[in-house]
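Visitor: I am new to this structure and should like to understand the terms used for it. May I put my questions to you one at a time?

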Amino acid sequence: MPLFAPQISKPTKQDMSYDLIVIGSGPGGYVAAIRAAQLGLKTAIVEKENLGGVCLNWGCIPTKALLKSAQVFEYINHAADYGITTAGNKADFGAVVKRSRSVADSNSKGVQFLMKKNKIDVIEGAGKLKKGGKVEVKDAAGKITEHAAKHIILATGARSRELPHIKQDGKKIIGYREAMTLDKQPESLVVMGSGAIGMEFAYFYAALGTKVTVVEFLENLLPREDKDVSKEMERVFRKKGITVLTSTSVESVDTKGKKAVVNIKKKDGSADKIECDVMLSAVGIATNIEGIGLEDVGVKTEKGLVVVDDYYQTNVPGVYAIGDIVKGPALAHVASAEGITCVEKIAGHHPEPVDYNNIPSCTYTSPEVASVGLTEEQAKEKGYEIKVGKFPFSASGKAKASGHTEGFVKVIFDAKYGEWLGCHMVGANVTEMIAEAVAARKLETTGHEIIKTVHPHPTMSEAIMEAAAAAYGEVIHL
């Protein structure tokens, strides 16, 4: 008999039964849990890492802290433009990263407080579906407990996607997690992919002095945005000294030497090499649906996503899924809306399904990008006769006073009925402005109603009114 026999942990009996157990505590999971508690459901949430999930700990929040540091550094470097003299400007990369982690920790503690406030049980460990309305939880020490619930919501989120031929090693080829916590600032960085994650890190590192190259397989940066937005951001990035290579693919990365050598192929078939300290792989996300018991209970999946109805019910009664693991944009605010809708339906309410045609998208570079609805190209493809208005921030008094004249507001209306089909912005703080368009579209507001809505002066938001006026030939300040 061996001296140390392997310990096999058997599930212990559940301590109690719940009305609802949520697996995953990101912006979908913890919001769903809080709404459920508000509606009187006895609720527990299962989390294997930190409360708040990727968004609060490794995504939305800490990246915004990094970006703010970069923006402050840019301000200081251009202080002379505002009549202020500074000297000896230097970015302390370690301190910037430390501040970002502190912000993330603070927000995670905030979620802990909300769990206590709403009397939600937090079960630490990895959750797995079991038959008969059960959830098995394995904690860090290997102890397994089993819990019962009438309803179970899967909110397990996603992780950085890896290309089969370009695996992340965490050192020379990294994902977004490593990009937030590097030991030292790289002198050179290649960013593969120009979605929101790639663009934000490209801006951050370039602002702090890293030589940055962005490689995008498709024709435009931010390929899901309106083409005018993509062109403006390419112009801005080039002006900042960032090398932009569109219609270019990363074929392979050689990490054997001191530096990484990125082998690229251009649209015309020509090949080239880029030497860099680090390459960031930002080619999307992969859903976390492995190892959570989907196959054990028969939950249907399709192309890496859990199949759900309009209220996030799977094919298995009592099992639901929200957030990145279901259809729709993989965005924090979408996951939160889905969680609330799902829980309200469970509680017997009659919520409206989430309108995926009216979801705002934001990229927190400097300048920022924000959009909602159809692009000009999409509106034409759908057969709309359209009116398009565009107002540049170079014509905005507030933008000039602030020293942020880059970008514009572009609006698209249906010529027949005045329906607001789309709104696309590039500029300072436009992520704070896009909600006007989202709310107006929800209320079926027309272009003329926007024109007649008095906007405060001087503000950046006046550009929305002016762009609407431009669409109808009534613009004042152009």
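Visitor: Why is Tyr75 called partly exposed?

Guide: Please note first that this is a predicted model. Buried means under 20% relative accessible area and exposed means over 50%, with partly exposed in between. Tyr75 has 34% relative accessibility, so Tyr75 counts as partly exposed. Tyr82, at 36%, therefore falls under the same term.

Visitor: What makes the pair of Tyr75 and Tyr82 edge-to-face?

Guide: The structure holds 6 aromatic pairs. In the pair of Tyr75 and Tyr82, the ring centres lie 6.1 Å apart and the planes stand at 65°. Rings pair if their centres lie within 6.5 Å, and planes over 60 degrees apart count as edge-to-face. Both conditions are met, so the pair of Tyr75 and Tyr82 is edge-to-face.

Visitor: Why is the pair of Phe413 and Trp420 called tilted?

Guide: The ring centres of Phe413 and Trp420 are 5.6 Å apart, and their planes stand at 35°. Planes under 30 degrees apart would count as stacked and those over 60 as edge-to-face, so the angle of 35° makes this pair tilted. Phe413 and Trp420 are both buried.

Visitor: How do you know that the charged end of Lys345 sits over the ring of Tyr311?

Guide: The charged end of Lys345 is 4.4 Å from the centre of the Tyr311 ring. The cut-off for the distance is within 6 Å, and the charge must also be within 35 degrees of the ring normal. Lys345 is counted as sitting over the ring of Tyr311. Lys390 likewise lies over the face of Phe408, at 4.3 Å from the ring centre.

Visitor: What makes Asn57 buried?

Guide: Asn57 has a relative accessible area of 4%, and the limit for buried is under 20%, so Asn57 is buried. Asn57 belongs to helix α2, which covers residues 53-58. Beyond the residues up to four places away in sequence, Asn57 touches Asn50, Leu51, Gly52, Pro62, Arg101, Ala104 and Ser108.

Visitor: Which backbone oxygen lies 3.1 Å from a polar atom of the Asn57 side chain?

Guide: That is the backbone oxygen of Leu51. The backbone oxygen of Asn50 lies 3.5 Å from a polar atom of the Asn57 side chain.

Visitor: How do you know that the reach of helix α4 is close to the expected span?

Guide: Helix α4 (residues 93-117) has 25 residues and reaches 37 Å from its first C-alpha to its last, against an expected 36 Å at 1.5 Å a residue. Among the buried residues of α4 are Arg101, Ala104 and Ser108, and these three are also among the residues that Asn57 touches. After α4 comes Lys119, whose phi is positive, near 55°.

Visitor: Why is helix α6 called largely enclosed?

Guide: Of the 12 residues of α6, 10 are buried, so the helix is largely enclosed by the rest of the structure. The buried residues of α6 include Phe204 and Tyr205, which form one aromatic cluster with Phe93. Phe93 is one of the buried residues of α4. Gly209, which follows α6, has a positive phi near 110°.

Visitor: What makes β8 and β11 edge strands?

Guide: An open sheet of 5 strands runs in the order β8-β15-β9-β10-β11, with parallel pairing. β8 (173-174) and β11 (243-245) each have a single partner strand, so one side of each is left without a neighbour in the sheet.

Visitor: How do you know that β9 and β15 pair?

Guide: Two strands pair if at least two bridges are found between them. Strands β9 (residues 188-192) and β15 (residues 278-281) have 4 bridges, so they pair, in the parallel sense. Met192 stands opposite Ser281, and Val191 stands opposite Leu280. β8 and β15 pair in the parallel sense over 2 bridges, and Ile173 stands opposite Met279 in β15. Val278 and Leu280 point one way from β15, Met279 and Ser281 point the other way, and all are buried.

Visitor: Why does Ser371 count as buried?

Guide: Ser371 has 7% relative accessibility, under the limit of 20%, so Ser371 counts as buried. Ser371 is found in strand β21 (residues 368-373).

Visitor: What makes a polar contact with the side chain of Ser371?

Guide: The side chain of Glu225 does, at 2.7 Å; the cut-off is within 3.5 Å.

Conventions: Residues are numbered from 1 along each chain as its sequence is written. This is a predicted model: local features need pLDDT of at least 70, side-chain atom pairs count only at pLDDT 80 or more; totals for chains, interfaces and linings use all residues. Side-chain values use heavy atoms; hydrogens and water are left out. Buried means under 20% relative accessible area, exposed over 50%, partly exposed in between (1.4 Å probe, protein chains only). A polar contact is a pair of N or O atoms within 3.5 Å; within protein, one must be able to donate a hydrogen and the other to accept it, and residues adjacent in sequence count only if both atoms are side-chain atoms. Contact means heavy atoms within 4.5 Å. The expected span of a helix is 1.5 Å times one less than its number of residues.
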